[in-house]
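The following exercises train the reading of a protein model, one step at a time. Please attempt each task before turning to its solution.

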Amino acid sequence: MGLTKSEIFSSEQNKLSSLFKVLGHPARIAILQYVINQKSCICNDLVVELGLAQATISQHLKELKSTGIIQGTIEGKSVCYCINENIWKEVQSELNSFFNQEVKVTTCCS
């Protein structure tokens with residue numbers, strides 16, 4: 001039995017990949033920005049705010065919740081959620097570590 005693709009990469013690489021995947025959709029970014037700007041728990045319908053179908057928003061909320069970035073109850077039209085501050089700080093730290101790597105190119109490939 002062979003290795004799955006994720007097993008050949010480090011846990012850090014897999015974690016970053018998961019973060020980029022969940023953050024890789026503009027609707028999820030819009031949802032996060034909206035929640036962050038509210039500075040409180042959200043217990044209302046995002047359909048009006050984002051202009052997306054309820055089912056689409058629910059799916060994106062489930063993806064965000066599965067990573068722990070948001071927390072709360074998300075069931076059909078009944079939604080109440082907020083940013084999980086501890087996970088958000090972990091995400092910031094992971095992304096900062098990745099993007100703050102020093103890059104020095106000694107030769108050019110062009």
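**Exercise 1.** Does Lys15 count as buried, partly exposed or exposed, and at what relative accessibility?

*Solution.* The model is predicted, so local features need pLDDT of at least 70 and side-chain atom pairs count only at pLDDT 80 or more, while totals for chains, interfaces and linings use all residues. Residues are numbered from 1 along each chain as its sequence is written, and side-chain values use heavy atoms, with hydrogens and water left out.

Step 1. Buried means under 20% relative accessible area, exposed means over 50%, and partly exposed lies in between (1.4 Å probe, protein chains only).
Step 2. Lys15 has a relative accessibility of 37%, and therefore counts as partly exposed.

**Exercise 2.** Determine how many salt bridges the structure has, and describe each of them.

*Solution.* Step 1. A salt bridge requires a side-chain nitrogen of Lys or Arg within 4 Å of a carboxyl oxygen of Asp or Glu.
Step 2. Searching the whole structure yields 2 salt bridges.
Step 3. In one of them, Lys15 pairs with Glu94, with 3.6 Å between the closest N and O atoms. Lys15 belongs to helix α1 (residues 11-23) and Glu94 to helix α5 (residues 85-99), so this pair links distant parts of the chain, 79 residues apart. Helices (H or I, at least four residues) and strands (E, at least two) are DSSP runs, numbered from the N terminus.
Step 4. Glu102 pairs with Lys104, with 3.1 Å between the closest N and O atoms; both residues are exposed.

**Exercise 3.** Identify which cysteines form a disulfide, and explain why Cys41 and Cys82 are not bonded.

*Solution.* Step 1. A disulfide is a pair of cysteine sulfur atoms within 2.5 Å.
Step 2. The sulfur atoms of Cys43 and Cys80 are 2.1 Å apart and form a disulfide. Cys43 lies in the loop between α2 (26-38) and α3 (47-50), and Cys80 in strand β2 (residues 78-83), so the bond ties together parts that are 37 residues apart in sequence.
Step 3. The closest cysteine sulfur to that of Cys41 is in Cys82, and the distance of 3.5 Å is too far for a bond.
Step 4. Cys41 is partly exposed at 47% relative accessibility, whereas Cys82 is buried at 15%.

**Exercise 4.** Which residues of α1 are buried, and how are they arranged around its axis?

*Solution.* Step 1. The buried residues are Leu16, Leu19, Val22 and Leu23.
Step 2. Seen down the helix axis, they fall within an arc of 130 degrees (taken from the directions from the axis to the C-beta atoms), so they line one face of α1.
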